[in-house]
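Reader: I am new to this structure and would like a close look at a single part, the packing inside it and the loops beside that packing. Please take me through it slowly, with each term explained as it comes up.

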Amino acid sequence: MRRKLVVGNWKMHGSLAQNKTLLTDCITKLAPLNNADYAVCVPFPYLQQAQSLLQNTNIAWGAQNIGKFATGAYTGEVSVGMLKDFDCQYTIIGHSERNTAYCESDENIAAKFMMAKNASITPILCVGETLIEREAGVMYHVVAKQIDTIIALHGATVFANAVISYEPIWAIGTGLAANPEQAQTMHEFIRNKISALDFAAANGLKILYGGSLNPQNALQLLVMPDIDGGLIGRCSLNANDFEGICSVAQSI
Ligand code: PEP
């Protein structure tokens with residue numbers, strides 16, 4: 001069985017003072033949990049704070065995006081090498097909030113995914129459909145296309161030791177999570193798709209679920225065979241809620 005992974009996505013929230021309280025509380029609450037992996041993806045300016053507070057704990061840290069180039073005249077971008085300077089273990093790639101607001105193409109996302117992989121930072125690739133796409137019944141097609149760009153450019157083997165997060169856009173921040181069957185069916189679809197090309201990569205790939213995951217619905221979702229953990233937005237900003245989800249992951 002794959003070890004569960006729970007990752008907080010703080011989005012554009014926090015301050016030095018708030019983060020200190022939140023991280024200190026999370027460190028205390030998560031310290032006894034050793035049966036799953038935990039991480040928080042924080043805004044860039046707080047990477048140093050996360051590194052300094054979280055080193056030597058069981059909570060890893062990472063970023064929410066990276067630039068697609070290694071270095072150069074790209075004003076406002078942050079390179080993967082800069083994340084390495086702060087010992088980041090993860091970076092989110094292709095979150096739908098970025099794709100919508102900054103028009104990220106699948107090709108850009110593929111380039112960022114490879115940047116992270118090549119720097120030994122685990123990419124957390126977000127995929128998912130809109131409500132209109134689900135209602136039209138094209139959600140598998142949409143998610144397949146998001147993954148296919150990476151496969152076409154780099155092959156399926158690059159998913160070995162990577163993370164995909166299935167995040168139906170209609171479930172993010174809405175309080176309306178996918179039900180366990182909807183999520184499991186999509187996770188199985190993703191794993192089978194990669195498995196058809198590289199069984200070992202698919203078997204080791206962690207597929208997280210994201211979208212209004214909370215301590216109340218965590219068990220029914222995380223117990224599903226192809227759901228290997230969660231990407232958590234709102235509930236990662238509250239230490240009790242985050243611990244509630246992490247404890248569920250620990251217990252499975
Ligand atoms: C997210 O944005 O990655 C997310 C899952 O948010 P929320 O948990 O708030 O729905």
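Author: Helices (H or I, at least four residues) and strands (E, at least two) are DSSP runs, numbered from the N terminus. The model is a predicted one, in which local features need pLDDT of at least 70 and side-chain atom pairs count only at pLDDT 80 or more, while totals for chains, interfaces and linings use all residues. Residues are numbered from 1 along each chain as its sequence is written, and side-chain values use heavy atoms, with hydrogens and water left out.

A loop makes a convenient way in: Ser212 sits between strand E7 (206-210) and helix H10 (218-222). With a relative accessibility of 16%, Ser212 counts as buried, a word that stands for under 20% relative accessible area, whereas exposed stands for over 50% and partly exposed for what lies in between (1.4 Å probe, protein chains only). Most residues other than glycine have a negative phi. Ser212, however, has a positive phi, near 60 degrees, without being a glycine. Asn56 can be set beside it, since its phi is also positive, about 65 degrees, and Asn56 is not a glycine either. The loop that holds Asn56 runs between H2 and strand E3 (59-63), and there Asn56 is exposed, at a relative accessible area of 82%.

From these loops one can turn to the interior. The largest nonpolar core, meaning a set of buried Ala, Val, Leu, Ile, Met, Phe, Trp, Tyr and Cys residues joined through side-chain atoms within 4.5 Å, has 69 residues, and the members that touch the most others are Phe159 and Ile190. Helix H11 (residues 239-251) gives this core its largest share, six residues. Once neighbours within four places in sequence are set aside, Phe159 is in contact (heavy atoms within 4.5 Å) with Phe113, Leu125, Ile147, Ile150, Ile151, Ile164, Ile194, Ala201 and Leu205. Apart from this core there is a second, separate one of 12 residues, and among its members are Val7, Ala60, Tyr90 and Leu231.

Two of the residues that Phe159 touches, Ile147 and Ile194, appear again where helix H7 meets helix H8. The axes of H7 (residues 139-154) and H8 (residues 180-195), which are lines fitted to C-alpha atoms over the stretch in contact, with angles running from 0 to 180 degrees between N-to-C directions, come within 11 Å and cross at roughly 40 degrees. H7 is therefore oblique to H8, given that angles under 35 degrees count as roughly parallel, over 145 as roughly antiparallel, 65 to 115 as roughly perpendicular and the rest as oblique. On the H7 side the meeting residues are Met139, Tyr140, Val143, Ala144, Ile147 and Asp148, and on the H8 side they are Thr185, Met186, Phe189, Ile190, Lys193 and Ile194. By class this contact has nine nonpolar, one polar and two charged residues, where Ala, Val, Leu, Ile, Met, Phe, Trp, Tyr, Cys and Pro are nonpolar, Asp, Glu, Lys and Arg are charged, and the others, Gly among them, are polar.

Helix H11, already met in the core, also packs against helix H1, at an angle of about 30 degrees and with the axes 9 Å apart, so H1 is roughly parallel to H11. Here Leu22, Asp25, Cys26, Lys29 and Leu30 of H1 meet Ala239, Asn240, Phe242, Glu243 and Cys246 of H11, and these residues divide into six nonpolar, one polar and three charged.

H1 (residues 16-30) has a further partner in H2 (residues 47-54), with axes that come within 11 Å and cross at roughly 30 degrees, and this makes H1 roughly parallel to H2. Leu16, Asn19, Lys20, Leu23 and Ile27 come from H1, while Gln49, Ala50, Leu53 and Leu54 come from H2; by class there are six nonpolar, two polar and one charged residues.

Two more loop residues complete the view. Thr157, in the loop between H7 and strand E6 (163-166), is exposed with a relative accessible area of 51%, and beyond four places in sequence it touches Asp198 and Ala201. Asp228, in the loop between H10 and strand E8 (229-232), is buried at 2% relative accessibility. Although Asp228 and Ile164 are 64 residues apart in sequence, their C-alpha atoms are 9.8 Å apart in space. The contacts of Asp228, leaving aside neighbours within four places in sequence, include Arg2, Arg3, Lys4 and Arg191.
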